[in-house]
Amino acid sequence: MRLKMAVNQDGQSDEQLLERIAKQDKLALEKLYQRYRNPLGAFLQRKLYDKVLTDEVFNDVFFTIWQKAVNFRGDSKASTWIFGVAYRVILSAARREVKHKENRSEIEPSDFEKHMPQAPVESADPMSEKLEHAISQLSDKHKTVIELTYYHEMTLEQVSNITDAPINTVKTRLFHARQALKRILT
């Protein structure tokens, strides 16, 4: 049984746009690009260290969507699939960064997530700044589940799909992330 698709103001759901993109409809890609510019941009900015790299990865995500839209089966919400694509593109970009650093240092490829630089997030609210600072101290896996769950209001199942981690692993990461935030903030 498929859930009812969310339809945006233009009368097209993300799923319908992906179907059109699978048929190489550039207008559908542009609509999806505009729709996800802010939420996906914020997700990428929190993961990457500079604006240029964020823009590059954002474009890589949409290039991948253009190429892989035909593979979207509708087993999950389109937004889950899109964030999953973004997550994998981020990891790929991080691997590339580590490979460049390997020539100059002793970073292990398996440690790429620990060494991904983080973008500072601007905020006018002092409490929000404290929370952002606390989140920045978490491991990348913990930051990812916190961000997807609270900033992007995704379910644990969606986070599981995006990160390719079992749902119990996501629950455990979320538990440990909350505990770490509690320690950091008190």
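**Exercise 1. Place tyrosine 150 and describe its exposure.**

Step 1: Tyrosine 150 sits in helix H6. Helices here are DSSP runs (H or I, at least four residues; strands are E, at least two), numbered from the N terminus.

Step 2: This is a predicted model, where local features need pLDDT of at least 70, side-chain atom pairs count only at pLDDT 80 or more, and totals for chains, interfaces and linings use all residues. Residues are numbered from 1 along each chain as its sequence is written, and side-chain values use heavy atoms, with hydrogens and water left out.

Step 3: Now the exposure. Tyrosine 150 has 44% relative accessibility, so the label is partly exposed. The cut-offs: buried is under 20% relative accessible area, exposed is over 50%, and partly exposed is in between (1.4 Å probe, protein chains only).

**Exercise 2. Find the nonpolar patch that includes Tyr150.**

Step 1: Know the rule. Patch residues have over 30% relative accessible area and no salt bridge; like charges are joined within 9 Å, and nonpolar side chains (Val, Leu, Ile, Met, Phe, Trp, Tyr) within 5 Å. Areas come from the Shrake-Rupley method with a 1.4 Å probe, and for residues only the protein chains shown count as cover.

Step 2: List the members. Leu131, Tyr150, Tyr151, Ile184 and Leu185 make a nonpolar surface patch of about 400 Å².

Step 3: Look at the elements. Helix H6 (140-151) and helix H8 (167-185) each give two or more residues to this patch.

**Exercise 3. Which residue forms a salt bridge with glutamate 147?**

Step 1: A salt bridge needs a side-chain nitrogen of Lys or Arg within 4 Å of a carboxyl oxygen of Asp or Glu.

Step 2: The partner is arginine 46, with the closest N and O atoms 3.4 Å apart. This pair links distant parts of the chain, as glutamate 147 is in helix H6 and arginine 46 is in helix H2 (residues 26-47), 101 residues apart.

Step 3: Check the cover. Glutamate 147 is buried because its relative accessibility is 3%, and arginine 46 is buried too, at 17%.

**Exercise 4. Work out how aspartate 140 and lysine 47 are paired.**

Step 1: Their side chains meet in a salt bridge, at 3.5 Å from N to O. Here aspartate 140 belongs to helix H6 and lysine 47 to helix H2, 93 residues apart.

Step 2: Aspartate 140 is buried at 5% relative accessible area, and lysine 47 is buried at 2%.

**Exercise 5. Are arginine 73 and aspartate 75 buried or exposed?**

Step 1: Arginine 73 has 66% relative accessibility, so it counts as exposed. Aspartate 75 is exposed at 60%.

Step 2: These two side chains also form a salt bridge, 2.6 Å from N to O.
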